[in-house]
Amino acid sequence: MASLMQFQIIIVGGGIAGLAAAIALRKDNRQITILEQSSLSTEIGATISLQPNATRILQQSWGLNNLLEESNGTVDHGFRIYNTDGNMVNEIPLRSKRQYGADRIMWHRQDLHAYLRKIATNTNGEGQPATLRTSARVSCCDCQEGKVTLEDGEVLDADLVIGADGIHSSLRTSVLGKMIKPKPTGSSAYRLMLPTALLNESAPRFAANIKPEEPYTSMVMAHSCRLIMGPARDAQLYSVVGLVPDDRMNEDPDSAQSWVTRGDPQKMLETFKDFPAWTQDVLRNAESIGLWQLRDIDPLETWHSGRVILIGDAAHAMLPTQGQGASQTIEDAEALGTLFGHISERPSQDEVSSVLAHVFRGRYERASLIQQFSREAAKPATEQGINVIRMRPDEFMDYNCTYRGVRDWDEKHATVALTLVLNE
Ligand SMILES: Cc1cc2nc3c(=O)[nH]c(=O)nc-3n(C[C@H](O)[C@H](O)[C@H](O)COP(=O)(O)OP(=O)(O)OC[C@H]3O[C@@H](n4cnc5c(N)ncnc54)[C@H](O)[C@@H]3O)c2cc1C
């Protein structure tokens with residue numbers, strides 16, 4: 001039973017951002033409720049990876065030492081690049097642990113989601129477990145009062161409201177007072193997930209080339225299309241993502257606006273007809289093909305208003321080219337957990353607003369830059385560099401992966417600001 005003296009937190013959205021925020025904020029005298037519109041009975045059949053900047057937070061800052069064993073995660077050992085003749089032309093070992101002190105880990109999305117859900121809602125963690133209410137769709141929020149209105153008319157009150165409701169966020173409209181529509185980015189992604197045993201049996205040429213049990217991310221690139229592939233769930237499954245510019249795709253890109261849109265196998269084969277024959281064997285064997293038009297948003301003018309803050313894709317949806325979308329949500333959650341860490345009593349609206357302003361200051365520059373670089377990396381090489389991004393990919397990898405939490409970020413930026421003042 002909720003006590004009136006408890007710090008009441010509502011999280012809108014039970015995706016990776018919402019669950020991570022619940023884990024980060026769990027503490028004595030707090031009641032956390034996650035409102036999720038779906039029944040959460042199915043997660044998307046695709047892989048997802050977290051980069052060292054995020055796995056370090058999970059394993060080292062939050063002490064989730066059992067992450068790999070309990071979530072069926074696979075440590076990525078490196079990238080294998082193939083040319084259009086089908087020959088491996090480069091193998092780049094990933095030395096994340098040595099270089100960045102943490103691993104890049106790949107999952108089936110269902111497995112990572114289920115693990116985070118367990119940690120957010122089980123009775124073993126700090127404070128009270130978060131309550132997850134499914135089939136609870138939020139329509140809007142009064143940001144100053146912290147009143148969240150569900151689609152069925154129910155109104156819930158909270159001291160702090162977190163909008164983790166994804167790229168098509170409703171809370172974003174409440175925070176900004178206007179609707180921001182995600183932008184098509186001119187690319188779409190086919191998504192396939194196949195049992196590794198089926199691949200070995202039905203696509204032996206593919207299996208011989210790729211070795212689907214080995215923990216590597218493999219990439220084939222041709223004519224601005226890319227296949228990005230890797231194992232999941234202890235190599236029982238193999239995932240293939242085909243990135244295609246919309247103007248090379250044989251499907252109507254406007255039909256591909258949701259995760260559940262199906263791709264047409266023949267049209268997909270036509271798009272990848274110039275790819276090595278062995279890659280087409282795997283495309284031919286796919287039973288179910290997802291198609292997703294890639295969208296992102298421009299950096300927003302703000303993420304917060306009154307008692308409400310946006311995190312994850314609601315705040316900074318980005319393209320998957322840097323594999324940083326989910327990792328940035330984990331960084332948002334860490335910032336919330338750390339900067340609300342000192343608050344144990346029910347906070348006033350001013351206290352909440354002031355911490356949210358700090359979270360925004362600590363996160364905005366970095367998330368916006370990674371958003372921009374992800375957009376830049378999606379362009380064909382001939383078009384890159386027109387915008388402001390001037391870093392090389394390896395420099396950006398360092399920028400992405402060396403992050404050590406919001407306090408460290410604050411300190412480094414305070415030092416830079418002080419140096420600038422002293423030099424003036
Ligand atoms: C093809 C592709 C591949 C990708 N690969 C990677 C990768 O390898 N690594 C990576 O880091 N990122 C990847 N990403 C990006 C990553 O998936 C997202 O950045 C991440 O899932 C964002 O999490 P989120 O919780 O903010 O949003 P979501 O995962 O969209 O979750 C939002 C949740 O809110 C719920 N919701 C929405 N509206 C409401 C409402 N009104 N009321 C209640 N609930 C609501 C939704 O049902 C959903 O459960 C990829 C994306 C794509 C498209």
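## Helices α12 and α13

Helix α12 packs against helix α13 (residues 349–377) at an angle of about 160°, and their axes lie 10 Å apart. Angles over 145 degrees count as roughly antiparallel, so α12 is roughly antiparallel to α13. The crossing of these two helices is right-handed. The model described here is predicted.

On the α12 side, the contact is made by Q328, E331, D332, A335, L336 and L339. On the α13 side, the residues are V355, L356, H358, V359, R363, R366, A367 and I370. Sorted by class, the contact of α12 with α13 has eight nonpolar, two polar and four charged residues.

## Helices α1 and α12

What other helix does α12 (residues 325–339) meet? The axis of helix α1 (residues 16–25) comes within 8 Å of that of α12, and the two cross at roughly 30°. Angles under 35 degrees count as roughly parallel, and therefore α1 and α12 are roughly parallel to each other. Their crossing is right-handed.

From α1, the residues in contact are I16, A17, A20, A21, A24 and L25. From α12, they are A326, T329, I330, A333, E334, L336 and G337. The residues of this contact divide into 10 nonpolar, two polar and one charged. L336 of α12 is listed in the contact with α1 and also in the contact with α13.

## The seven-stranded sheet

Strands of a sheet pair through backbone hydrogen bonds, and the pairing can be parallel or antiparallel. This model has an open sheet of seven strands with mixed pairing. The strand order is β6-β5-β14-β15-β16-β13-β17. Which strands form the edges? They are β6 (88–93) and β17 (290–296), each of which pairs on one side only. From one strand to the next, the twist averages 20°.

One pair within the sheet is β15 (residues 225–232) with β16 (residues 237–245). These strands run antiparallel and are joined over seven bridges. P231 stands opposite Y238 in β16.

## A helix on the sheet

Helix α10 (residues 277–285) packs on the sheet. The strands that α10 touches are β5 (78–82), β13 (183–195), β14 (217–222), β15 and β16. The direction of α10 makes about 80° with that of β13.

Conventions. Residues numbered from 1 in each chain as written. Predicted model: local features only at pLDDT ≥ 70, side-chain atom pairs only at ≥ 80, totals over all residues. Heavy atoms only, no water. Axes fitted to C-alpha atoms, helices over the stretch in contact; angles between N-to-C directions. Helix = DSSP H or I, 4+ residues; strand = E, 2+ residues; numbered from the N terminus. Parallel < 35°, antiparallel > 145°, perpendicular 65-115°, else oblique. Left-handed = near helix turned anticlockwise from the far one by under 90°. Contact = heavy atoms within 4.5 Å. Nonpolar A, V, L, I, M, F, W, Y, C, P; charged D, E, K, R; others polar. Pairing = 2+ DSSP bridges.
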